[in-house]
Amino acid sequence: MTETAVDTRPVNLILLGPPGAGKGTQARMLEESFGLVQLSTGDLLRGAVAAGTEAGLAAKAVMEKGELVSDEIVLAVLKERLAQPDVAAGTILDGFPRTAGQAAALDALLAERGEQIDAVISLKVQDEAMVERVSGRFTCAGCGEGYHDSFKQPARPGVCDKCGGTEMKRRADDNAETVRTRLQAYHADTAPLIDYYAARGTLTEVDAMAEIGRVRAEMEAIVGKLTAA
Ligand code: ADP
Ligand code: ADP
Ligand code: ZN
């Protein structure tokens with residue numbers, strides 16, 4: 001009898017998509033289902049802003065305008081996070097890479113760890129719908145669970161389904177005007193990465209205009225194939 005080799009190498013995924021596409025929502029669900037760790041550079045940068053670190057001070061005004069923070073700063077916060085032990089099982093990169101420079105730096109960073117990108121999932125949406133998605137977004141201050149005024153309300157108004165917390169917060173940059181700048185940044189700097197990863201054969205596209213549960217099922221089918229031993 002031959003033994004089946006069990007592949008214990010970490011699985012690394014990238015979620016690509018404009019603001020509002022559902023990257024954060026789906027990343028949290030994939031964390032739950034597969035034990036991977038969501039790594040959101042937006043969250044890391046907001047953490048740095050709140051902590052008043054040097055990186056945070058430099059990033060704050062750029063983020064408020066909806067422009068992209070420099071690769072140097074983003075890579076610094078990402079490297080710090082990747083040094084923590086909990087990412088060993090694998091990661092879901094949410095909102096990173098966003099530029100060709102970041103994609104190249106990520107390849108180098110993973111190569112040093114003996115790892116690679118296993119799949120890139122591109123969340124396809126219509127820009128016009130993203131203004132409403134982003135403007136109606138709010139999250140639980142306690143656990144970070146994401147909600148929406150129209151599309152995903154907590155079961156009891158004002159009370160988080162996940163942790164029971166009652167403090168909800170909205171991001172300063174989640175307004176219609178800034179969303180338009182962020183969409184432009186996506187098309188100018190990030191959308192070209194779709195071709196970059198497609199050329200390597202690691203890209204899958206998902207219809208992210210569908211409702212949250214349907215998108216989840218599609219994503220889980222893709223990730224399930226990667227994690228099956
Ligand atoms: P991203 O991380 O890509 O910016 P989010 O996951 O935060 O996007 O989603 C943006 C907002 O849209 C959130 O309020 C979320 O609840 C909601 N949302 C996410 N996916 C869908 C979907 N498929 N249909 C409708 N609303 C969605
Ligand atoms: P969304 O999911 O709505 O696109 P994020 O939380 O990912 O928003 O990002 C919020 C802001 O943080 C961006 O508009 C940008 O200013 C900054 N940011 C986050 N990730 C990156 C990145 N990889 N490169 C450059 N800027 C980033
Ligand atoms: Zn909560």
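Is Tyr197 buried or exposed? I began with that one, keeping in mind that I was looking at a predicted model. Tyr197 turns out to be buried, at a relative accessible area of 0%.

**Entry: aromatic pairs**

I then looked up ring pairs and got two for the structure. I noted a centre distance and a plane angle for both, because that is how a pair of aromatic rings is described.

Phe138 goes with Tyr147, and I logged this pair as stacked. The centres are 5.7 Å apart and the planes make an angle of 25 degrees. I counted the pair as stacked because the planes are under 30 degrees apart. I checked burial for both partners: Phe138 is buried at 9% relative accessible area, and Tyr147 is buried too, at 3%.

My starting residue, Tyr197, sits in the other entry: with Tyr196 it makes an edge-to-face pair. Here I wrote down 4.9 Å centre to centre and 80 degrees between the planes. Tyr196 is partly exposed, with 32% relative accessible area, whereas Tyr197 is buried. Tyr196 gets that label because its 32% falls between the 20% and 50% cut-offs.

**Entry: ligand 1**

Tyr147 came up again when I turned to the ligand. I found 17 residues around ligand 1, and Tyr147 is among the closest, along with Lys23, Thr25, Arg137 and Ala210.

Next I went through polar contacts. Tyr147 uses a backbone N or O atom, 2.7 Å from an oxygen of ligand 1. Ala21 also offers a polar backbone atom, 3.3 Å from a ligand oxygen. With Arg133 the contact comes from the side chain: one of its polar atoms is 3.4 Å from a nitrogen of ligand 1.

How much of the accessible area of ligand 1 does the protein cover? I got 91% of the 560 Å² that the ligand has on its own.

I also asked which elements supply two or more residues to the shell, and the answer was helix H1 (23-34) and strand S6 (146-148). H1 gives the most, with three residues. Sorted by type, the shell has eight nonpolar residues, five polar and four charged.

**Entry: cysteines**

Last lookup of the day: disulfides. I searched the whole structure and came back with zero. I still jotted down accessibility for two cysteines. Cys140 is buried at 1% relative accessible area, while Cys143 is partly exposed at 28%. Cys143 misses the buried label because its 28% is not under 20%.

Technical notes: Residues are numbered from 1 along each chain as its sequence is written. Chains are lettered from A and ligands numbered from 1 in the order in which they are written. This is a predicted model: local features need pLDDT of at least 70, side-chain atom pairs count only at pLDDT 80 or more; totals for chains, interfaces and linings use all residues. Side-chain values use heavy atoms; hydrogens and water are left out. A residue is near a molecule or strand if one of its heavy atoms lies within 4 Å of it. A polar contact is a pair of N or O atoms within 3.5 Å; within protein, one must be able to donate a hydrogen and the other to accept it, and residues adjacent in sequence count only if both atoms are side-chain atoms. Accessible areas come from the Shrake-Rupley method with a 1.4 Å probe; for residues, only the protein chains shown count as cover. Helices (H or I, at least four residues) and strands (E, at least two) are DSSP runs, numbered from the N terminus. Ala, Val, Leu, Ile, Met, Phe, Trp, Tyr, Cys and Pro count as nonpolar, Asp, Glu, Lys and Arg as charged, and the others, Gly among them, as polar. A disulfide is a pair of cysteine sulfur atoms within 2.5 Å. Buried means under 20% relative accessible area, exposed over 50%, partly exposed in between (1.4 Å probe, protein chains only). Rings of Phe, Tyr and Trp (its six-membered ring) pair if their centres lie within 6.5 Å; planes under 30 degrees apart count as stacked, over 60 as edge-to-face and the rest as tilted.
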